[in-house]
Amino acid sequence: MRVYLSEDDSYHFPVTLDEISPHLVAATLSYEDHYFYSHPGINPISLIRAGWLNLKAGKVLSGGSTISQQVARMLENRPRNLPSKLIEALHAFQLEARYSKDEILEAYLNRAPYGGNIVGVGASSRIYFDKHVSVLGPGEAALLASLPKSPESRRPDRHHKVAVHSRDEVLRRMLKRSEISEAQYLSAIQEDVPNSLLEFSLYAPHLCDLLKQSADDSTATIRSTVDLDMQQTATRLLQQHVQSYNPQGIRNGCVVIIENQTAAVRSLVGSADYFDRDDGGQVNGAYALRSPGSTLKPFVYALAMDRGLITPTSLLEDIPINYSGYEPTNFDEKFHGAVTVKNALIHSMNVPAVILTNRVGLENFLYFLQKGGISSIYGNEESLNLGLSTVLGGVGIRLIELTNLYATLGRMGAYKPFRLMESEESARETQILSEGASWLTTGILTELQRQDFPQNWQSTAHLPSIAWKTGTSYGYHDAWSIGYTPEYTIGVWVGNFSGEGNPKLIGAEAAGPLLFQLFSVIAEENSDWFAEPDEIDTRTTCTISGMPANPWCVSTVQTAYIRGVSPEKTCDLHVQLLIDKETNTQLCPQCRAVRDGEVKTFVQWTQTIATWRKRNGFPVSELPAHFRSCKSVLAQHAPQIHSPAEDCSYFLRDHVPLHDQQILLEASVAPEVKVVYWFVDGKLIANTGAGEAVFYPPERGHHEVVCMDDEGRQATRRLIIE
Ligand SMILES: [Zn+2]
C-alpha cells in the first residue's frame, strides 16, 4: 500500500537470493563476473587485463572488479583510485574467507545501484517493471544486470537507447555462453524497455504511518488488515462528502471500518485529504481525542438492560433534574415527561440518559468503557474528574476505539481489541454485555422512525439494515455517526482538526448520510441479521407503562425481554382502587370495613410525572379523594422536594444583593393536592398551588425545609447556606 524510502533516501527492498529470478542471477554473473563461483575473490586474469587498459589510458577506465571486490567497495565507499583498488582486493579475500559465495552474491544484488535512488534488485525490478524480482524473464533480467556498471548513463527512463543497447549486449553474451536459448534471446530483444519509473501508490497512508511507527524492523514487509477496495471506497466517499461541506466551513473527517468477527480494521481514513497541508491532512483524526456527543448513550441503556433495570418499553422520566448543580437539558431544549426507553434512545434525549447513568452507577459505566477499550478513561477517572455528563460526551474518545466499542454490540456483547496487522493474533473475546442486552439495544438502534435517519435514504428501496447512532458534541465541534451490521461496524467523524465549531456539525446531517452511503456500498444484500439469543423471550406488556401487564391494564402488546434478568414488576400505572358508591371517594383498608365500595381502574402517574404533565398542559386523571370521615392518612403520596437539591450547599456571594440570590423551593405532589405549604425552620413562608415554585431569601446557616400538602403529608430537606 505504501513504500517508505530508507534512511539514506533510497528505494531499497531487500530480498534473499532464492527469491531472485534465476535469469537475473545468470545475467548478472554473465555480465559482471563470469568466474564468480570459481575465483578466490579477485580474478587475476581480468585484473591484469584491466590494469593494462588503465595504464594505456593513464586513468582508471575499466573496473575489472569481481563481484566480491564490488561488494567490498559498496561497503566502504572509497575514492576510485589504485590504492583503493588494492585495499578492496584485500577485503574481497577477507569477505570470501568469511562468507559463502551465495552470501556475497546476495549482498551484491541487494546493494548495487540501479539508477537514481534505486538500490538493489528488489526495488529496481518493482520500479522498472512493477514486478516482484522472482518473476523477471531473460530480457528484464538482462536490462537490470546491465545497470550497476553505469547506472546513470543507462537509466532506461532517461537514456532509453543506451539502455536498450546495454540490455542487448548482456543478452548476446548470455546467448554466446548458452545461458539462454536462441528462442529466449530472440523474444527478449523484442521486448519493450520501460521508459518511465513506477509511481508508488499510496493507500491508507495514515494506517501505514501508524504501522511504520510500531514496526521493530524498518525493512519489514507488513501485512495490514486493510481491504484495499473498501479502503479506496471509504477514501473516495469521505473526500466527496467533506468537499460538499467545504463551502460551509467544514473541512475534515475520518472513517474507520472494522470487520466484527475478526476485529480487523478493514479501512482507516485518517483525514479527508492526506496531502492537504492547510488543515493537517497527515494528522490521523481516527486517533484524535474528540467529544463523542451522544454516541455513548446506547451503552448505558444496554448496561441498564443487563442489570435488569429497564426493557425497551420501560418508561423513563424526561423532566428538569438537578444533580448537585448539574442540570442537563435536551438538544431541542424541551422536556417530554415520561418517555419509553426506546424513544429516549433513538431521539437521543439527554435527561433520561443522565438519570439512567445515575441508576446504573457512574463507576460501573466508566468501568464498562475501560473494559470496552476506551483508553482515555483507563486509569484516568479521577484526573478527568468525570461526572454524569460523561454519557453526553463529557470525555474525549478516539473514533477507532469508539467504532470498536460498537463492534462489540455487533458481536452481541463480546469485546475484542481491534487489530491493524494480519500477523497480530486475534485476541480472545470477553463478554462485556449480555447477548440479550446487546440484541435488545440493537433492535432499538435499527428503528427507522427517527430524526437522525438521513432524508435522502428514506425512500431507498434496497436500504441495508443498519443499527446506528449519531452524535453531536457540545458547541457543534464534532459530528459522529456509527453503525453496524452483523458483518461490519463503520465509524464516521466529521469536523475541523482546528476544533473550530460550525452550526452544520450535527451528527445526523454532517455524518449520518456518509455512514449510510458506506453501508450501501459494502453491505451484502440479503445478508443475515442478528439471530435472537436464547435468553430473549416475549411477554404481555402494558402499552402505556411498558411493564408486564396486570389483568386490568387497558391495552397490551407482546414485547421482548431478557428471561430472568428484565424487571418483573407488573404495571403500577394502572391501579385498582376501591371507590365508595355513595360519595365516589377512595376507601383505604381502614374505612373499607365500614363502607361498601366497588373496584375501579385508574391511571396513576408517579408524582413527578403527574406534576410535570399538569404543568405542561397534559391531562392527568384525578384520583378520587380519600373518604372524608376516615382518620388514617394515605401516606404513599407524600410530596417530593426537587429544589433545594439533596446534599447540596449554597454559597452566598457578598457583592450580589440577597434578592438576586433567592433559593428555589420546588416539589412535586400527588395529583389530588391543591395547596402546598412551605416551612423553613418551622416557620411558614409560603402556601401555593400545587406545582408552583417559591423563592426563599437566603440566610447563612443550616436550615430545615419542609414541604407539606393539604392532606398533611410532608417531606423534609436540609439546606446549608454558606
Ligand atoms: Zn398498565
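## Helices, a sheet and the whole chain

Ala26, Ala27, Ser30 and Tyr31 of α1 meet Val170, Arg173 and Met174 of α8. Here, contact means that the C-beta atoms of two residues, placed from the backbone, lie within 7 Å. Helices are DSSP runs of H or I with at least four residues, strands are runs of E with at least two, and both are numbered from the N terminus. Please keep in mind that this is a predicted model, in which local features need pLDDT of at least 70 and side-chain atom pairs count only at pLDDT 80 or more, while totals for chains, interfaces and linings use all residues. Residue numbers start from 1 along each chain as its sequence is written.

**The helices around α1**

How do α1 and α8 pack? Their axes are 9 Å apart, at an angle of about 95°. The axes are lines fitted to C-alpha atoms over the stretch in contact, with angles from 0 to 180 degrees between N-to-C directions. The two helices are therefore roughly perpendicular to each other, a label used for 65 to 115 degrees (under 35 is roughly parallel, over 145 roughly antiparallel, the rest oblique).

Both α1 and α3 are largely enclosed by the rest of the structure, because 8 of the 11 residues of α1 are buried and so are 7 of the 10 residues of α3. A buried residue has 20 or more other C-beta atoms within 10 Å of its own, an exposed one 12 or fewer, and a partly exposed one falls in between.

| Helix | Buried residues | Cover includes |
|---|---|---|
| α1 (22-32) | 8 of the 11 residues | α3, α5, α6 (120-129), α7 (138-146) and α8 |
| α3 (67-76) | 7 of the 10 residues | α1, α4 (82-98) and α5 (101-111) |

The buried residues of α1 include Ala27, Ser30 and Tyr31, and these three also take part in the meeting with α8. In α3, the buried set is Ile67, Ser68, Gln69, Gln70, Val71, Ala72 and Arg73. Just beyond the end of α3, Asn77 adopts a positive phi of about 60°.

**Leu409 in α17**

Further along the chain, Leu409 sits in helix α17 (residues 399-410). Is Leu409 buried or exposed? Leu409 counts as buried, because 28 C-beta neighbours lie inside 10 Å. Leaving aside residues up to four places away in sequence, Leu409 touches Ser438, Thr441, Thr442 and Tyr484. Phe299 is 110 residues away in sequence, yet its C-alpha is 8.8 Å from that of Leu409.

**A five-stranded sheet**

An open sheet of 5 strands runs in the order β19-β25-β24-β21-β22, with mixed pairing. At its edges stand β19 (649-650) and β22 (683-689), each with a single partner strand, so one side of each has no neighbour in the sheet. Strands count as paired when DSSP finds at least two bridges between them. The antiparallel pairing of β21 (residues 675-680) with β22 has 6 bridges, and Tyr677 stands opposite Asn687 in β22.

**The chain as a whole**

There are 21 helices and 25 strands in the chain. Its radius of gyration is 39 Å, well over the 27 Å of the globule rule for 722 residues, so the chain is more spread out than a compact globule. That radius is taken over C-alpha atoms, and the rule is 2.2 Å times the number of residues to the power 0.38. The C-alpha trace spans about 135 × 60 × 50 Å along its principal axes, and 43% of the 722 residues count as buried.

The domain assignment lists domain 1 (11-190), domain 2 (253-452 + 467-522), domain 3 (574-615) and domain 4 (635-721). Between the C-alpha centres of domain 1 and domain 3 there are 102 Å.

How values were computed. Domain bounds come from an automatic or database domain assignment.
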